[in-house]
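Q: Before we go into detail, could you take me through this model one feature at a time, with the general idea first and the particular case after it?

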Amino acid sequence: MAKYQAGKSPRNHKHRSLLLGVCSLVFLGVLLTGCFALGYHGVGAPGPTVPVKSEAPKDAQTPPEKQQSPVESLQQPKEEESAQPAAEQALEPGKKYSVLIDKSDHKLYLKDGDTVVRTWGCAIGKGGLGQKQRRGDNMTPTGTFTIDEIDDASGWTHDFGDGNGEIQGAYGPWFLSLDTEALSHGNWDGIGIHGTHDPNSIGTDASEGCVRLDNINLQQLKQVAYIGMPVTIQD
């Protein structure tokens with residue numbers, strides 16, 4: 001029979017091993033519980049889901065400000081276009097103005113030296129362009145003439161031969177008579193600048209040879225007209 005030392009019996013050894021195994025299992029359980037609480041699920045296991053901020057693709061950029069199309073840019077008023085036109089130069093009675101009449105443009109230009117200070121539409125003779133040759137040809141003469149009379153024509157009448165009889169105010173308020181003797185040699189006369197009863201005729205070939213202005217413009221011209229004022233008429 002084998003002998004054993006005191007305290008070294010096989011039963012005590014077996015109990016001690018069992019106790020160590022239980023303690024190990026308890027420790028392992030506590031360790032695993034702690035790991036799960038911290039979010040660890042073992043090697044290779046997916047970690048906790050963490051919200052990730054979505055980012056725009058690298059090539060996505062903030063859209064640029066809308067550019068104007070060429071048509072839209074043209075529709076924008078330019079600064080210089082929005083500026084108010086300069087006021088007309090005031091007319092000065094007594095100043096030596098001159099007159100240029102362009103038959104082809106149906107325009108009368110009032111000039112201060114070489115500077116045009118007023119431009120008004122006018123009507124010329126029904127004969128159109130060219131030189132006046134005789135009485136009754138309905139031509140407005142060309143050349144340089146002078147004003148030899150300034151007459152109040154507000155009470156004058158005229159029969160234009162159109163079936164309407166005598167027309168009151170046919171010459172407007174004033175008749176600025178032109179000295180055409182050097183050209184006509186007495187064969188015709190009676191050419192002048194005057195107003196009209198028919199504003200719609202301005203800008204056309206409508207008279208019997210005289211130059212017609214709108215009555216309002218004629219009033220302005222009369223304010224600075226003078227005897228001897230040069231009047232040039234050209235085609």
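Q: Where in the chain does His106 lie?
A: Keeping in mind that this is a predicted model, one finds His106 in the loop between β1 and β2.

Q: Is His106 buried or exposed?
A: His106 counts as buried, because its relative accessibility is 16% and the cut-off for burial is under 20%. Leaving out residues up to four places away in sequence, His106 touches Trp120, Gly121, Cys122 and Ile124, and also Gly203, Thr204 and Asp205.

Q: What should I look for in the backbone angles, and what is the phi of His106?
A: Most residues other than glycine have a negative phi. His106 is not a glycine, and yet its phi is positive, at about 55 degrees. His185 likewise has a positive phi of about 55 degrees without being a glycine.

Q: Where is His185 found, and is His185 buried or exposed?
A: His185 is in the loop between α4 (181–184) and β8, and since its relative accessibility is 61%, His185 counts as exposed.

Q: What is the place of His197, and why does His197 count as partly exposed?
A: His197 belongs to the loop between β8 (192–194) and β9 (205–207), and it counts as partly exposed because its relative accessibility is 37%. Apart from residues up to four places away in sequence, His197 touches Phe160, Ile167, Gln168, Gly169 and Ala170. With Ile167 the separation is 30 residues in sequence, while the C-alpha to C-alpha distance is 7.9 Å.

Q: How many helices and strands are there in the chain, and how should I read the contacts that link distant parts of the sequence?
A: The chain has five helices and eleven strands. Among its contacts between residues at least 6 apart in sequence, 57% join residues at least 24 apart.

Q: How do I read the strand pairing, and which strands join β4?
A: In a regular strand the side chains alternate between the two faces of the sheet. Here β4 runs antiparallel to β11, to which four bridges join it, and Thr144 stands opposite Thr232 in β11. β4 also pairs with β7, again in the antiparallel sense, over six bridges, with Asp151 having Phe175 of β7 as its bridge partner.

Q: How do I recognise a nonpolar core, and which residues of the largest one touch the most other members?
A: In soluble globular proteins, nonpolar side chains tend to be buried together. The largest nonpolar core has 28 residues, and those that touch the most other members are Ile101, Leu110, Ile193, Leu221 and Met229. Elements that each supply at least two residues of this core include β1 (98–102), β2 (107–112), β3 (115–125) and α5 (215–224), and β3 gives the most, with four residues. Taking Ile193 as an example, and setting aside neighbours within four places in sequence, its contacts include Ile101, Trp174, Phe175, Leu213, Leu221 and Val231. A second, separate core has six residues, among them Ala153, Ala170, Tyr171 and Phe175.

Q: How is empty space found, and what is the volume of the largest pocket?
A: Rolling a probe the size of a water molecule over the atoms shows where empty space is left. The largest pocket has a volume of about 300 Å³ and is lined by 18 residues, with Tyr171, Gly190, Ile191, Glu208 and Cys210 lying nearest its centre. By character, the lining of this pocket divides into six nonpolar, seven polar and five charged residues.

Key. Residues numbered from 1 in each chain as written. Predicted model: local features only at pLDDT ≥ 70, side-chain atom pairs only at ≥ 80, totals over all residues. Heavy atoms only, no water. 1 Å grid on protein atoms, 1.4 Å probe; cavity = no way out; pocket = protein on both sides within 12 Å on 5 of 7 lines; lining within 4 Å. Points joined across faces, edges and corners; volume = space filled by probe spheres on them. Nonpolar A, V, L, I, M, F, W, Y, C, P; charged D, E, K, R; others polar. Core = buried A, V, L, I, M, F, W, Y, C linked by side-chain atoms within 4.5 Å. Buried < 20%, exposed > 50% of the residue type's maximum accessible area, 1.4 Å probe, protein only. Contact = heavy atoms within 4.5 Å. Pairing = 2+ DSSP bridges.
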